[in-house]
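I opened this model to look up its polar side-chain pairs, its disulfide content and its nonpolar cores, and I note below what I found.

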Amino acid sequence: MHEGGPTGRGQVRDGDGSRRLGAAELDAELGERATLVQFSSAFCQPCRATRRTLSEVAAMVAGVAHIEIDAESRLELVRALGIARTPTVLVLDAAGRIVRRASGQPRRADVIAALGEAV
């Protein structure tokens, strides 16, 4: 896994609405309204900034949880979801369906907009 390009910004795309993730797969409880799932790696600089951004947004929006997953320790899940780089963020709705997916360091406004699709 590697970091993004010089700007650290990546791609955003619609999620795979047919794919659901649950607490058992993520080793954490989902948020009541939505969940931000972040795949990180140990030496990924943009992952630290992404952690701060997602934690801040989750704290601002009631019913939203932030779960960070170490990609290197969860390779089976990484492969199953087609995670190619860190950070990658999945936005899940209340049922655990993936509604948005982004790679690279997200902006706060983009995270809030993506949550709008999930809740």
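I looked first at Arg100 and Glu117, whose side chains are joined by a polar contact of 3.5 Å; the term stands for a pair of N or O atoms within 3.5 Å, where within protein one must be able to donate a hydrogen and the other to accept it, and residues adjacent in sequence count only if both atoms are side-chain atoms. Arg100 belongs to strand 5, residues 98–103 (strands are DSSP E runs of at least two residues, helices H or I runs of at least four, numbered from the N terminus). I recorded Arg100 as buried, because its relative accessible area is 19% and buried means under 20% (1.4 Å probe, protein chains only).

I should keep in mind that the model is predicted, with local features needing pLDDT of at least 70 and side-chain atom pairs 80 or more, while totals for chains, interfaces and linings use all residues. Residues are numbered from 1 along each chain as its sequence is written, and side-chain values use heavy atoms, without hydrogens or water.

I then found 1 disulfide in the structure (cysteine sulfur atoms within 2.5 Å), which joins Cys44 to Cys47 with S to S 2.2 Å. The link is right-handed, with 85 degrees about the S-S bond, and both Cys44 and Cys47 are buried.

Last, I looked up the largest nonpolar core (buried Ala, Val, Leu, Ile, Met, Phe, Trp, Tyr and Cys joined through side-chain atoms within 4.5 Å), which has 14 residues, with Phe39 and Leu81 among those with the most contacts inside it. Helix 3 gives the most to this core, with 3 residues.

Key: Buried means under 20% relative accessible area, exposed over 50%, partly exposed in between (1.4 Å probe, protein chains only).
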